[in-house]
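Subject: Handover of a structure and its findings

Dear colleague,

Please find below the structure that I am handing over to you. My notes on what was found in it follow directly after it.

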Amino acid sequence: MAETPRTLRLSLKTRLLLAAHSFGIRAASRSDHTVNRSVLNVFDPKAAASAKPIDGVSSFDITIDPTRNLWFRLYAPTSTATTDALPVIIFFHGGGFAFMAANSKSFDVLCRRLAREINAVVISINYRLAPEYKNPCQYEDGFDALKYIDDMAFENFPAKLDLGRSESEIKLVGVPLISVEGTDWMWKAFLPEGSDRNHSVVNIFGPNAVDISGVKFPATLLFVGGFDPLQDWQKRYHEGLKKSGKEVHLVEYPNAFHGFYCLPESPEFSLLIGEVKSFVQKQSSLT
């Protein structure tokens, strides 16, 4: 008997938000794999930092290197009654390495709520974007930001990507936010010329992977949505961490789509906040 396809049920507001976001990404994505930033900014509203608490959380922007626009936004809960050191959550924003920013409104809402509900300091890092800056710029920015934080007192691409496709990429067509064509564009914009998704920085546990079994690696909490075309890649990452002897916890939301955590209207949004809170509290109790 043929499997009955599932239907993703979304509110009208959520559908409108997703449609506007997807339209903005498509409108800003040029055929030569460059981005029209002026068009994108119309559909990517930004939120300003606020030292004055908003819903119990203050935020501050801290510059690391102005020559490459490397900075981060720090969110600090102001309603905490404890004198103990707060856990720190490092957040790298989504957008396929080509879109969005640390001060994008959707990410600001997420980070602010994480800080408030988990009672943690959240640091959202702004890195250089593709295609103006290709790999390894984003990874270099990330590592440099982590080092900075640790020191704180407190067009010759192949016409097709040589992969084949995962089952979820083939099956999940027409879901919100991302498509195979869209992610192909992002990979081409991000990776060095001549590369494909078997590059070691993308397919972490693929044929070109580096053995991390001897690397000290923190406990990892991984969320996977049932309507995310990238879910098979995410599950491979989960399996790779386990095989390397790392602590990793997988949480699956069957009705969630890619980037659901940026929409408070999503029913899984609050569930994710609760899972992250429990995870942080458990890890903090072990240190």
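The UniProt record, an unreviewed entry, places the feature "domain: Alpha/beta hydrolase fold-3" at residues 89-153 and 171-261. In the second of these spans, residues 171-261, helix makes up 27% and strand 20%. The C-alpha atoms at the two ends of residues 171-261 are 22 Å apart. Please bear in mind throughout that this is a predicted model.

Confidence

The chain has a mean pLDDT of 89, and 93% of its residues reach 70 or more. One stretch calls for caution: over residues 155-163 the pLDDT stays under 50. The model has 27 contacts beyond four places in sequence for residues 155-163, and I would ask you to read these contacts together with that pLDDT.

Salt bridges

Searching the whole structure gives 16 salt bridges. Among them is the pair Asp108 and Arg112, whose side chains meet at 3.6 Å, N to O. These two residues stand four apart in helix α3 (residues 105-118), so about one helical turn separates Asp108 from Arg112. Asp108 is buried, at 7% relative accessible area, and Arg112 is likewise buried, at 6%.

A further salt bridge joins the side chains of Glu265 and Lys13, at 3.2 Å from N to O. Glu265 has a relative accessibility of 31% and therefore counts as partly exposed.

Arg116 and Glu117 also form a salt bridge through their side chains, with an N to O distance of 4.0 Å. Arg116 is partly exposed, with a relative accessible area of 32%, and Glu117 counts as partly exposed at 31%. Elsewhere, salt bridges with shared partners connect Asp65, Arg68, Arg128, Glu140, Asp141 and Asp144 in one network.

Helix α7

Two residues of helix α7 deserve a description. Gln231 belongs to this helix, which covers residues 231-243. Gln231 is buried, with 10% relative accessible area. Leaving out residues up to four places away in sequence, Gln231 touches Ser168, Leu172, Val224, Gly225 and Gly226.

Asp232 is also found in helix α7. Which side chain of opposite charge is nearest to the buried Asp232? That side chain is Lys235, 5.0 Å away. A salt bridge requires the nitrogen to be within 4 Å of the carboxyl oxygen, and Asp232 has no salt bridge. The side chain of Asp232 does reach the backbone nitrogen of Glu167, at 3.2 Å. Apart from neighbours within four places in sequence, Asp232 is in contact with Ser166, Glu167 and Ser168. Ser168 is thus named among the contacts of Gln231 and among those of Asp232.

Strand β3 and the loop after it

Phe92 lies in strand β3 (residues 88-92) and counts as partly exposed, at 37% relative accessibility. With residues up to four places away in sequence set aside, Phe92 touches Ile125, Tyr127, Gly142 and Leu146. Phe92 and Lys52 are 40 residues apart in sequence, and their C-alpha atoms are 24 Å apart in space.

Met100 is located in the loop between β3 and α3. Although Met100 is not a glycine, its phi is positive, at about 70°. Met100 counts as buried, at 9% relative accessibility.

Other backbone features

His33 likewise has a positive phi without being a glycine, in this case about 65°. His33 is found in the loop between α1 (12-28) and α2 (37-43). With a relative accessible area of 19%, His33 is buried, since the cut-off for buried is under 20%.

Where are the cis peptide bonds? One joins Ala130 and Pro131, with omega at about 5°. Another joins Asn135 and Pro136, with omega at about 15°. Pro131 lies in the loop between β4 (121-126) and α4 (137-151), and Pro136 is found in the loop between β4 and α4 as well.

Yours sincerely

Note on methods
Residues numbered from 1 in each chain as written. Predicted model: local features only at pLDDT ≥ 70, side-chain atom pairs only at ≥ 80, totals over all residues. Heavy atoms only, no water. Buried < 20%, exposed > 50% of the residue type's maximum accessible area, 1.4 Å probe, protein only. UniProt positions renumbered as here; feature names shortened; annotations may be inferred. Contact = heavy atoms within 4.5 Å. Lys, Arg positive; Asp, Glu negative; His and termini not counted. Polar contact = N/O pair within 3.5 Å; in protein donor to acceptor, adjacent residues only side chain to side chain. pLDDT = per-residue confidence, 0-100.
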